[in-house]
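Reader: Please take a close look at one charged residue in this model and its surroundings. After that, go on to the sheets and to the loop residues that deserve a note.

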Amino acid sequence: MQVLKFGGSSVASAANISKCVSIICKAIELDKTIVVVSALGGITDNLLLCAAAAAAADEGYLETLKGIEQRHLDTVRELIPVTSQSSILSMVKKTCNELEDIFKGIYLLRELSARTKDHVVSFGELLSSRILSASLLALETANSWKDSRELITTDTNFGHARVDFPMTQKKITAYFQNSSSGLFIVPGFIAADSQGITTTLGRGGSDYTAAIYGNALNSSRIEIWTDVSGMMTADPRLVSNARVIPDISYQEAMELSHFGAKVIYPPTLQPVMNKNIPVWIKNTFAPQDPGTLIERISSMPGNSIRGISSIHRIALLSLEGSGMIGIPGFSKRLFEALSRQQINVILITQASSEHSICVGVDSSQAALAKISIDDAFSSEIQAGTVLPLFVEEELAIIALVGDNMKSHPGISGKLFGVLGRNGINVRAIAQGSSERNISAVISTKDVKKAVNVLHEEFFEATYKQLNLFITGAGNVGRRLLHQLAQQKHFLLEHLRLQVRVIGIANSRKMFFQEEGIDLNSWQNVLENGDTMYLRDFIRLIHSKNLRNSVFVDVTANKDVAMGYEQLLQKSISVVACNKIACSSPYQYYKKLKDLSKEFNAAFYFETNVGAGLPVIGTLNDLLRSGDKIRKIEAVLSGTLNFVFNHYDGKTKFADVVRQAQEEGYTEPDPRLDLSGTDVMRKIMILAREAGHAIEMEDISNHVFLPESCMKGSVADFYLAMEKEEAHFKKLLDVAHSEGKKLKFVATYENGKASVGLQHVGTSHDFYHLYGKDNIVLFYTDRYPEQPLVIKGAGAGAEVTASGVFADIIRAANA
């Protein structure tokens, strides 16, 4: 004997029922079959709405009932040939008339008991199972319809009745032994007490019905037919990359179903475990899919984690106080107070100090729980030895489930590590001694992000998703976006990294798209975006609460740099091309570094010094490996190096600077470069990264620009340089007379920093520095005489963008 159960979605329409009929006809070729049927999808809810409306004296219940009747009549007419419709249409009308009489009684009495509710909702399964039976008969597929209320006996706990298994087994065995039929159709969900009064097995109880029949008859297999192709590694509504679990143990399936996996009703597996009956989860709409096999021991051990599940609408109840320490019976009294109100405890955790105990319950029961518990501990609360119960709501439980967790150390560490890196605070944790489940209580708003990052960590060898929010779409920003588009497939294929740009902003507009912006048309969508307000841009990043979020600053805007704090505090990584934050007062720089550590958010700014050159990264590697920086010498301005490499006294100095600006090597106001201010910022950042607290005013700047060049607009600046050509020519001639070149050099040694023009001879590392190249010399304990040299292009939008790109990849791997 095999048992097939079809859920509400599988019988929601005539077309769907036809699919069920095809599956049943194939099944009966293999073995005797019992088919358990749920109500048509949505009917149970509609019946309860009718009952509630009638109890509230709302005559609208009549219209709802009419809709229920019409839906069943339409299903019959569409499903069954006209010549076979008469008796089943009559049954539907008679049943709905009976329902109307019941609702009329509820309406007159203004009363709706749990017993009456059970009687009302039983009509859904009675109707659907009779319709399915009739449709099979119309196809000349013989079957016997049997009312489950005559076979399954329960107590009188209406709404969630407990099965009397000895009596039920006796009845089921007797009935099926005396029947010669090869196919039986029975309604799920419903049963009766010893007096024959209708009871129900709880919402989702049709699965349980199938298990009860399977247990009583020692069935060869049970198939649960639903609208998904098996149990999934996570809720596919939350995780787009969730996949079917091919094989799972009874215990794992029970844990997942308890913690929110809706594919199977939690109590279903208990009856079949005792008989070692395999259970298949199959898809009515894709019957060829293999589905999920639930058995005693999974034949596919595989991953240490089998699935991730979650329960929403959780309230955390915390009882604490010094009067609890060392006093037996506190936990007993707490659970008794909850039991008296029939409040189910979902999660329990207690501090080893015995100072507090915490339980998770359904949010709808939190207020009642507080009243009951505060009453139970009223004397201790009045004495001040126990605090009034503290209730936290808007919480959820996420759970990792897997039989193999116990043989894989470090699962908890990975769980809390990945949550911490994404700014997800854990309010409570629990793990059973079987090590089959690790549960954590988190904020409801973090559930989607939490489940996704955990799924990536434990299941997705395929890829990790990175969500970018980019401010700045100018010269460097445009090239960065082009590089991201160009490398999209490479990153996915070789680094298993799915990089999505979720938000883009410039100084005027901003645009967000949670599925990711098409980088081939970003300019058009940005131009049609919303007005850019930095506070709104940051607020939207926070509200989206996406996993692995990275804020990328490709501006030179001070306000943007001052916003990093708000991002890091939410565990959003920051990649900054903008030098302002790291060259701001030391206190803010250090605060950002500290926030990065505290909230597990990457803070990278490699392009602050040397564009795409690995200057800061190398410096940090030296320090992390135990080396100590003694001295730094560097040419850090690609602009100034370009200018002094091209200035030969024949072309005016102003024209060389103009050429540098036209080729994109200077700031919009070239005086930031030529005054040495930009170089001061860079050497200060290197000194700070080397571990020294230094401010801009601590740096000596030997300015070579005449005072007249520093006044007025940029246009005035160029005019002033032309007038001061003799000054620049003299600087060049003096250097040439010594056989040397002009280089703008930054130096840091013994806590002191300086920048300025130097005459560099042929033996110096800086002499053969051409074009826009930068060079940095690190003198350290390990490189005391022959320095570690980093040299290459230190300016230009393309190389700067590539440096930002590299920081983004580092943030993904942080």
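Author: In this predicted model, Asp 627 is buried but takes part in no salt bridge. The nearest side chain of opposite charge belongs to Arg 782, at 4.3 Å. A salt bridge requires a side-chain nitrogen of Lys or Arg within 4 Å of a carboxyl oxygen of Asp or Glu, so the 4.3 Å between Asp 627 and Arg 782 does not qualify. The backbone of Arg 782 offers another approach: its nitrogen lies 3.3 Å from a polar atom of the Asp 627 side chain.

As for its place in the chain, Asp 627 sits in the loop that links helix H22 (615-624) to strand E25 (629-635). With neighbours within four places in sequence set aside, the residues in contact with Asp 627 are Leu 622, Thr 780, Asp 781, Arg 782 and Tyr 783.

The sheets come next. One of them is open and has eight strands, in the order E3-E5-E2-E1-E8-E10-E11-E9, and its pairing is mixed. Its edges are strand E3 (144-145) and strand E9 (247-249), each of which pairs on one side only. Within this sheet, strand E1 (residues 2-6) and strand E8 (residues 221-226) run parallel and share five bridges. Gln 2 has Arg 221 of E8 as its bridge partner. Helix H5 (residues 114-138) packs on the sheet, where it touches strand E2 (33-37), E3 and strand E5 (183-187). The direction of H5 makes about 160° with that of E5. Helix H8 (residues 250-258) also packs on the sheet, touching E9 and strand E11 (292-295), and its direction is at about 90° to that of E9.

Several loop residues belong with these elements. Arg 110 lies in the loop between helix H4 (86-109) and H5, and Glu 140 lies in the loop between H5 and E3. Most residues other than glycine have a negative phi. Arg 110, which is not a glycine, has a positive phi of about 55°. Glu 140, also a residue other than glycine, has a positive phi near 65°. Arg 110 counts as partly exposed, at 46% relative accessibility, while Glu 140 is exposed, with a relative accessible area of 77%. Gln 288 occupies the loop between strand E10 (279-283) and E11 and is exposed, at 62% relative accessible area. The C-alpha atoms of Gln 288 and Ser 229 are 9.4 Å apart, with their positions 59 residues apart along the chain.

Another open sheet has six strands in the order E13-E14-E12-E15-E17-E16, with antiparallel pairing. Strand E13 (347-350) and E16 each have a single partner strand, so one side of each lacks a neighbour in the sheet. From one strand to the next, the twist averages 30°. At the E16 edge, strand E16 (residues 428-431) pairs with strand E17 (residues 437-443) in the antiparallel sense over four bridges. Ala 428 stands opposite Val 441 in E17, and Gln 431 stands opposite Ile 438 in E17. The side chains of E16 alternate: Ala 428 and Ala 430 point to one face and are buried, whereas Ile 429 and Gln 431 point to the other face and are not buried.

Technical notes. Residues numbered from 1 in each chain as written. Predicted model: local features only at pLDDT ≥ 70, side-chain atom pairs only at ≥ 80, totals over all residues. Heavy atoms only, no water. Helix = DSSP H or I, 4+ residues; strand = E, 2+ residues; numbered from the N terminus. Buried < 20%, exposed > 50% of the residue type's maximum accessible area, 1.4 Å probe, protein only. Lys, Arg positive; Asp, Glu negative; His and termini not counted. Polar contact = N/O pair within 3.5 Å; in protein donor to acceptor, adjacent residues only side chain to side chain. Contact = heavy atoms within 4.5 Å. Pairing = 2+ DSSP bridges. Axes fitted to C-alpha atoms, helices over the stretch in contact; angles between N-to-C directions.
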